[in-house]
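Grab a coffee and work through these short exercises with the viewer open. Try each task yourself before reading the solution below it.

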Amino acid sequence: MKFRFLKTSLIGLILSANCFVGVSHAGIITLGDTLSGGVVDSWQSIMIINEYDAYTNTSGADELVTLNNFNFTVGNNRGQVTPFVVKINNAASNDFTIMAIGDTRYSGVDYFSTGNLSLDFSTTLSQFSLAAGETITSGFLDADVNGVSAGSVIPYIGGDPVFLTGGGSNNHSGNLSQGVGNAPTFGSSTYYNGLARNYSYNITAEINAVPEPTSLAIFAMGLIGLVSLRSKKQA
């Protein structure tokens, strides 16, 4: 009887281990461009969404996205910059949903001179689930979450098609005040879809498969079996 119980427990653990093979680390992705200097934008406050360097979940199942670092080139040692990630619902109509908002980084606090910088996307854990077939991409505000700006920070060199909204004055910037799960608010000035500019920034993220409930149940069954058997032996 003990042997049969042990065998059942071991089978449960083996099955769960096989199920978890697909749950292991699936890789690091980079949303955005390489860091490569450039010219600071003449617009004082802008929102950029990079529609080109995107990631699509082609796994056929839900994936867990864990955002790691915000890497950017400081072109002007002033102002502030806020990274974010959006889901692209329809790029042609500029339809986006905010998936995560990073910490605003300030001149004189987070950066003190021009050059390349790598910081946590957020001081708190930033994770979200990405359904099969959904696409995400990165963006940044040359402003805080509410669109308050003191001047452009990240430079550009030209190249990728991006969505841009903002303007030459402080109050022209778009903002993220609606929060996660909602659309970003665009700036008051005319915006452009497909404007060819490579901005010197990127966001790195870790992609993992989301564990299936059945896998977790089998794993739990195996553990309970082994614990029960050990308790009986001690008794």
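**Exercise 1: a charged pair**

Arginine 197 is buried, with a relative accessible area of 19%; buried here means under 20%, exposed over 50%, and partly exposed in between (1.4 Å probe, protein chains only). Before going on, note that this is a predicted model, where local features need pLDDT of at least 70 and side-chain atom pairs count only at pLDDT 80 or more, while totals for chains, interfaces and linings use all residues. Residues are numbered from 1 along each chain as its sequence is written, and side-chain values use heavy atoms, with hydrogens and water left out.

*Task.* Find out which residue forms a salt bridge with arginine 197.

*Solution.*
- Step 1: get the rule straight. A salt bridge is a side-chain nitrogen of Lys or Arg within 4 Å of a carboxyl oxygen of Asp or Glu.
- Step 2: look for the partner. It's aspartate 41, with the closest N and O atoms 2.4 Å apart.
- Step 3: place both ends. Aspartate 41 sits in the loop between strand 2 (39–40) and strand 3 (45–50), and arginine 197 in the loop between strand 14 (192–196) and strand 15 (201–209), so the pair ties together parts 156 residues apart in sequence. Strands are DSSP runs (E, at least two residues), numbered from the N terminus.
- Step 4: check the partner's burial. Aspartate 41 counts as buried too, at 5% relative accessibility.

**Exercise 2: the other salt bridges**

*Task.* How many salt bridges does the count come to, and which residue pairs with lysine 87?

*Solution.*
- Step 1: the total is 4.
- Step 2: lysine 87 pairs with glutamate 134, the closest N and O atoms being 3.4 Å apart.
- Step 3: lysine 87 is in strand 6 and glutamate 134 in the loop between strand 10 (127–130) and strand 11 (135–141), so this pair links parts 47 residues apart in sequence.
- Step 4: compare the ends. Lysine 87 is buried at 17%, whereas glutamate 134 is partly exposed at 23%.
- Step 5: look for a network. Asp103, Arg105 and Asp110 are linked in one, and the arginine 105 to aspartate 103 bridge has its closest N and O atoms 4.0 Å apart.

**Exercise 3: threonine 73**

*Task.* Is threonine 73 buried or exposed, and which side chains make polar contacts with its own?

*Solution.*
- Step 1: threonine 73 belongs to strand 5.
- Step 2: with a relative accessible area of 5%, threonine 73 is buried.
- Step 3: a polar contact is a pair of N or O atoms within 3.5 Å; within protein, one must be able to donate a hydrogen and the other to accept it, and residues adjacent in sequence count only if both atoms are side-chain atoms.
- Step 4: the side chain of threonine 73 has such a contact with that of asparagine 116, at 2.7 Å, and another with that of serine 200, at 2.7 Å.

**Exercise 4: the nonpolar core**

*Task.* Which strand gives the most residues to the largest nonpolar core?

*Solution.*
- Step 1: a nonpolar core is a set of buried Ala, Val, Leu, Ile, Met, Phe, Trp, Tyr and Cys residues joined through side-chain atoms within 4.5 Å.
- Step 2: of the 30 residues in the largest one, Leu67, Phe72, Val85, Ile136, Ile154 and Tyr199 touch the most other members.
- Step 3: strand 5 (residues 63–74) gives the most, with 5 residues.
- Step 4: another core lies apart from it, with 11 residues, among them Met47, Phe84, Phe96 and Ala143.

Note on methods. Helix = DSSP H or I, 4+ residues; strand = E, 2+ residues; numbered from the N terminus.
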